[in-house]
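I have a fresh model open and a list of things to look up in it. These are my notes, in the order I took them.

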Amino acid sequence: MEIRALAHEMMPEIIEFRRDLHRHPEASLQEVRTTNRIAEELDKLGVSYRRLEPTGIVAEVKGAKPGKTVALRGDIDALSITEKTGLPFASECDGLMHACGHDTHAAMLLGAVKLINSIRDSFAGTVRFIFQPAEEIGEGAKLAIKQGALEGVEGIFGMHIAAQEPVGLVSGKAGPSAAATDQFKITIKGKACHGAMPNTGVDAVVAGSALVMNLQTMVSREFSPVDPLVVTVGSFHSGTRWNIVSGEAVLEGTIRSFSREVHNALPETITRIAQETAATFRAEAEVEYHCITEVLISDPEMTDLAFVAANKVCDPAMVKRSERLQMGGEDFAEYTAHAKAAFMTLGAGGEAPQHSDHFVIDESAMEVGIAVYSQMALEMLAK
């Protein structure tokens, strides 16, 4: 049973499938056609599956004997970007593009379904395949988990292609790798008055400006300096006229963290700082806090299994452990909070970064992805 050879044999059909998805990208939670296309391919294989609501699919292939259940996940949604690659299979949907590679993830996961299904008589246990919607808005993993995608699962693997990395390079790390991604909105309420008589009002601009600076003390004074933390106020809106003291200011921003303990403490911390800073200037503050993704933390044992798998189907020179922390969020993190998990990256070449309207990948990387997906599942079942 040569996994890499099996992956190589199916590449023409996987490339065709990937290009079909690339032509027809769909926004998060609107991946209706994509879901139907995956279902069509699963029907051809006779593989059992169920649909998630509103979109997405969970499929399963059972081995010759009972055993544990391992899951593989691939996301399927696109981005609100107008494609400018000039590819013959470029997006046909105005304002939408697979600019992060989720079309390749879906295609590689389908390839793993085909491969695992073709050798189902050779292993014990069950491989579950999660074609997950809405990763780009941080909602899909939560949705899948709520609908039972992890029930009975003893471990789950995920993979993401990496633009501008050498084609076929497989990497990953145990522990945290992608930051928790949070969003906040702070509304400061003061009292408007004439700019010539500021003492008769409560200046929301002054309170908001002080808050922008005070929020940075979360990084410098509230938490340990060895726990990476980023606080960014990306939007500050206040005022209606040049000679009026503003009565309201709205600040919006993001916080990124790598510790679950820090992440859990952030809502209370930012609320306290906002309210007490506002009170210093006789204003009030209302805080809206939204946790978009958790910290992505890969289990050491699962990560070791992933590297064993990668070394079996790849040139060992193209497999490496990484120590890099990524400040961007990845909603695979939700699975890592509920089950033993490992997340890997796969180099896909290209000159443009992810989320670029010129994003292009080398499709030959998908052969590696199919093989690694499949071998990771087999290693888990055999352990």
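**Rings.** Before anything else, a cut-off: I call two rings of Phe, Tyr or Trp a pair if their centres lie within 6.5 Å. This is a predicted model, so I only counted side-chain atom pairs at pLDDT 80 or more. My search of the whole structure gave 2 aromatic pairs. One of them is F332 with Y335, at 5.4 Å centre to centre with 50° between the planes. I logged that pair as tilted, because stacked needs planes under 30 degrees apart and edge-to-face needs over 60. Ring pairs link F332, Y335 and F343 into a cluster.

Are F332 and Y335 buried or exposed? F332 comes out at 0% relative accessible area, so I put it down as buried. Y335 is buried too, again with 0%.

**Largest pocket.** Next I went looking for empty space. The largest pocket holds about 680 Å³. I counted 33 residues in its lining, and H160, Q326, G328, G329 and E330 are the ones nearest the centre. Which elements give two or more residues to that lining? They are β5 (155-162), β6 (170-172), β7 (175-178), β13 (284-293) and β16 (341-347). β5 gives the most, with 3 residues. By type, I noted 15 polar, 10 nonpolar and 8 charged residues in the lining.

**Strand β8.** I then followed β8, which covers residues 180-189. It is mostly covered, with 7 of its 10 residues buried. What does β8 pair with? I found β12 (residues 248-257), antiparallel, joined to β8 by 10 bridges. I also found β13, which pairs with β8 in the antiparallel sense over 9 bridges. T187 makes a handy marker for both pairings: it stands opposite V250 in β12 and opposite E286 in β13. I had already met β13 in the pocket notes, as one of the elements giving two or more residues to the lining.

**V167.** This residue sits in the loop between β5 and β6. I get 32% relative accessibility for V167, so it goes down as partly exposed. What does V167 touch, if I skip residues up to four places away in sequence? My list reads M318, G347, A348, G349, D362, S364 and A365. I checked D362 separately: V167 and D362 are 195 residues apart in sequence, yet 6.9 Å apart in space, C-alpha to C-alpha.

**A192.** Another loop residue, this time between β8 and β9 (193-194). A192 has a relative accessible area of 48%, so I marked it partly exposed; the cut-off for exposed is over 50%. Leaving out residues up to four places away in sequence, A192 touches I244, V245, S246 and G247. How far is A192 from H160, C-alpha to C-alpha? I get 50 Å, with their positions 32 residues apart along the chain. H160 is one of the residues nearest the centre of the largest pocket.

**T269.** Last entry. T269 is in helix α8, residues 260-280. At 3% relative accessible area, T269 is buried. Setting aside its neighbours within four places in sequence, I have T269 in contact with M218, E222 and F223.

Definitions and conventions
Residues are numbered from 1 along each chain as its sequence is written. This is a predicted model: local features need pLDDT of at least 70, side-chain atom pairs count only at pLDDT 80 or more; totals for chains, interfaces and linings use all residues. Side-chain values use heavy atoms; hydrogens and water are left out. On a 1 Å grid over the protein atoms alone, a cavity is a set of points where a 1.4 Å probe fits but cannot get out, and a pocket is an open set with protein on both sides within 12 Å along at least five of seven lines; lining residues have an atom within 4 Å of a point. Grid points are joined across faces, edges and corners, and a volume is the space filled by probe spheres set on the points. Helices (H or I, at least four residues) and strands (E, at least two) are DSSP runs, numbered from the N terminus. Ala, Val, Leu, Ile, Met, Phe, Trp, Tyr, Cys and Pro count as nonpolar, Asp, Glu, Lys and Arg as charged, and the others, Gly among them, as polar. Buried means under 20% relative accessible area, exposed over 50%, partly exposed in between (1.4 Å probe, protein chains only). Two strands pair if DSSP finds at least two bridges between them. Contact means heavy atoms within 4.5 Å. Rings of Phe, Tyr and Trp (its six-membered ring) pair if their centres lie within 6.5 Å; planes under 30 degrees apart count as stacked, over 60 as edge-to-face and the rest as tilted.
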